[in-house]
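Here is my note on the structure you shared. Please keep the model open while you go through the points.

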Amino acid sequence: PEASMWVVKWEGGIIGRGKQNGEYKGAQLTFSGDDSRGPLYEESVTIKGHLPTKLALKVHNYASMDTAVVLSYSWDQIEGPSSKNPPSGCKAIDEENAATSVD
């Protein structure tokens, strides 16, 4: 995204602390907010729909000490023009082969 644009940010993003749902370039965004379990925090972001741009991911630690972060992601499919020429590190799904290997 543009260098000054934050899609998800606690203060100042399209979604964040004060607004947990929004839209960016036609995709629906949902932010969980902080889910605190003792000393651990968990946050999630869901993007539904086609996102026609790359996003950079940055994680910020507001604590005064170092901490470990577990980052995971998943995606359902590549849509649009990229489906025939997927981005680096991604593969377009072969639905016939996937259905065969599950059976």
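The points below go from the overall picture to the sheet, and then to a few residues.

1. **What kind of model this is.** Please bear in mind that this is a predicted model. The mean pLDDT of the protein chain is 78, and 78% of its residues reach 70 or more. Among the elements, strand 1 has the highest mean pLDDT, at 94, while helix 1 (residues 95-102) has the lowest, at 66. I would therefore read helix 1, with its mean of 66, against the predictor's confidence scale from 0 to 100.

2. **Overall make-up.** The protein chain contains five strands and one helix. Read from the N terminus, the elements follow the order β-β-β-β-β-α. Of the 103 residues, 9% count as buried. Among the contacts with a separation of 6 or more, 17% are between residues 24 or more positions apart.

3. **The sheet.** Which strands make up the open sheet, and in what order? There are three of them, in the order 1-2-5, and the pairing is antiparallel. Strand 1 and strand 5 (45-48) are the edge strands, each pairing on one side only. From one strand to the next, the twist averages 25°.

4. **The hairpin.** Strand 1 (residues 21-24) and strand 2 (residues 27-31) pair in the antiparallel sense over four bridges. One of the bridge partners to look for is Thr 30 in strand 2, which is matched with Asn 21. Two residues lie between the strands of this hairpin. Lys 25 is in the loop between strand 1 and strand 2, and its phi is near 50°, a positive value in a residue other than glycine. With a relative accessibility of 44%, Lys 25 counts as partly exposed.

5. **The other side of strand 2.** Strand 2 is also joined to strand 5 by four bridges, and these two strands run antiparallel. Here Leu 29 stands opposite Ile 47 in strand 5. Thr 46 is in strand 5 too, and is in contact with Gln 28, Leu 29 and Thr 30 once its neighbours within four places in sequence are left aside. Thr 46 is partly exposed, at a relative accessible area of 34%. If you would like a landmark further along the chain, try Trp 75: its C-alpha atom is 10.0 Å from that of Thr 46, with the two positions 29 residues apart along the chain.

6. **Two faces.** In a regular strand, side chains alternate between the two faces of the sheet. Strand 1 has Gly 22 and Tyr 24 on its covered face, with Asn 21 and Glu 23 on the uncovered one. For strand 2, the covered face holds Ala 27, Leu 29 and Phe 31, and the uncovered face Gln 28 and Thr 30.

7. **The nonpolar core.** Which residues form the largest nonpolar core? There are five: Val 7, Ile 15, Tyr 24, Leu 29 and Phe 31. Tyr 24 comes from the covered face of strand 1, and Leu 29 and Phe 31 from the covered face of strand 2. As background, nonpolar side chains in soluble globular proteins tend to be buried together.

8. **Phe 31 and its surroundings.** Is Phe 31 buried or exposed? Phe 31 counts as buried, because its relative accessibility is 4% and the cut-off for buried is under 20%. Beyond its neighbours within four places in sequence, Phe 31 is in contact with Val 8, Trp 10, Ile 15, Gly 16, Arg 17, Gln 20, Glu 43, Ser 44 and Val 45.

9. **The aromatic pair.** The structure holds one aromatic pair. The ring centres of Trp 10 and Phe 31 are 6.2 Å apart and the planes meet at 75°, so the pair is edge-to-face; the angle needed for that label is over 60 degrees. Trp 10 lies in the segment before strand 1 and Phe 31 in strand 2, so the pair ties together parts that are 21 residues apart in sequence. Trp 10 itself counts as partly exposed, at 31% relative accessibility.

Technical notes. Residues numbered from 1 in each chain as written. Predicted model: local features only at pLDDT ≥ 70, side-chain atom pairs only at ≥ 80, totals over all residues. Heavy atoms only, no water. Buried < 20%, exposed > 50% of the residue type's maximum accessible area, 1.4 Å probe, protein only. Pairing = 2+ DSSP bridges. Core = buried A, V, L, I, M, F, W, Y, C linked by side-chain atoms within 4.5 Å. Contact = heavy atoms within 4.5 Å. Axes fitted to C-alpha atoms, helices over the stretch in contact; angles between N-to-C directions. Phe/Tyr/Trp six-rings, centres within 6.5 Å; stacked < 30°, edge-to-face > 60°.
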